[in-house]
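Work through the exercises below with the model open beside you. Try each task before reading its solution.

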Amino acid sequence: MHLKNFQSPVEFSLTNYYLKGEPVINQTRKTKDLTGIFQDQKAYESLYPEQLIYSVQAWMPVPEGTPGGLFFGVSTIMPGKVGNEYFMTKGHFHSKSDRAEFYWGLKGKGMLILMDLNRNTWAEEVCPGSLHYIGAHIAHRLANTGDENLVVGACWPSDAGHDYDEIAANGFSARLVEVDGKPRLT
Ligand code: S6P
Ligand code: ZN
């Protein structure tokens, strides 16, 4: 019998929402990485190309594509807008499109924008403690509607992958914009 205590190689801070340890990947998306995502081209071009829009940390304990494993991620979306459209992630379907995912709100205020294969789009409010099940064949994107960072946890299958092409080509069928100071899907 083995009764040794081991420590997990990765820690998640409940105070600053940071993943610490190895192996953790850190990804940033700046204005210059989000060409074609926002509607207002003029407003987009007026932003500083190096401005950080969102970052993602992920613990991928098994190689990407492994069947049966799980990944753990934390997405942080900065507050701000391009014209009247909130800062948001690129959004994607999973490459293995039937793979689901959990999101949960940790900090800040935002919306999870969801779209099915028939291009029906809807949104769920994200706040600390909100829990979101993203089912099979549903594209997903996060938008920050508040004035502080939006931090969201995620867990998804290690063989899900990301399909950005469909969203890059056709977008979602609705956009989350500010109307009279409030978020609205239009
Ligand atoms: C992965 C999961 C998240 C997103 C992240 C960034 O399946 O949904 O970790 O990758 O929120 O969004 P995007 O659309 O740029 O990958
Ligand atoms: Zn996903």
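A polar contact is a pair of N or O atoms within 3.5 Å; within protein, one must be able to donate a hydrogen and the other to accept it, and residues adjacent in sequence count only if both atoms are side-chain atoms. This is a predicted model: local features need pLDDT of at least 70, side-chain atom pairs count only at pLDDT 80 or more, and totals for chains, interfaces and linings use all residues. Residues are numbered from 1 along each chain as written, chains are lettered from A and ligands numbered from 1 in written order, and side-chain values use heavy atoms, without hydrogens or water.

**Exercise 1. Place Asp159 and find the partner of its side chain.**

Step 1. Locate the residue. Asp159 sits in the loop between strand S13 (150-157) and helix H2 (165-170). Helices (H or I, at least four residues) and strands (E, at least two) are DSSP runs, numbered from the N terminus.

Step 2. Check burial. Buried means under 20% relative accessible area, exposed over 50%, partly exposed in between (1.4 Å probe, protein chains only). Asp159 has 10% relative accessibility, so it counts as buried.

Step 3. Find the partner. The side chains of Asp159 and Arg99 are joined by a polar contact of 2.6 Å.

Step 4. List the neighbours. Contact means heavy atoms within 4.5 Å. Leaving out residues up to four places away in sequence, Asp159 touches Gly65, Thr66, Pro67, Lys96 and Arg99.

**Exercise 2. Describe the coordination of the zinc ion (ligand 2).**

Step 1. Identify the protein donors. They are His92 (NE2), His94 (NE2), Glu101 (OE) and His140 (NE2), at 2.1 to 2.3 Å. Donors are N, O and S atoms within 2.8 Å of the metal (3.2 Å for Na, K and Ca); water is not among the atoms, so sites may look incomplete.

Step 2. Read the spacing. Along the sequence, the donor residues follow H-x1-H-x6-E-x38-H.

Step 3. Assign the geometry. Six donors count as octahedral if opposite donors are over 155 degrees apart and all others between 65 and 115. The six donor atoms around the zinc ion subtend angles of 71 to 172 degrees, so the arrangement is octahedral.

Step 4. Check two donor residues for burial. His94 counts as buried because its relative accessibility is 3%. Glu101 counts as buried because its value is 5%.

**Exercise 3. Which residues are closest to ligand 1?**

Step 1. Look around the ligand. A residue is near a molecule if one of its heavy atoms lies within 4 Å of it. Ligand 1 is surrounded by 14 residues, and the closest are Tyr54, Ser75, Glu101, Tyr103 and Tyr164.

Step 2. Take the polar distances to oxygen atoms of ligand 1. The side chain of Glu101 has a polar atom at 2.9 Å. For His94, an N or O side-chain atom is at 3.3 Å. For His140, a polar side-chain atom is at 3.4 Å.

Step 3. Follow up Tyr103. Tyr103 belongs to strand S8 (residues 101-107). At 7% relative accessibility, Tyr103 is buried. Its contacts beyond four places in sequence include Leu112, His132, His140 and Val152.

**Exercise 4. Is Arg119 buried or partly exposed, and what is its phi?**

Step 1. Arg119 is in the loop between strand S9 (110-115) and strand S10 (121-126). Its relative accessibility is 29%, so Arg119 counts as partly exposed.

Step 2. Its phi is near 65 degrees, a positive value in a residue other than glycine.

Conventions
Tetrahedral: all angles 85-135°; square planar, octahedral: opposite > 155°, others 65-115°.
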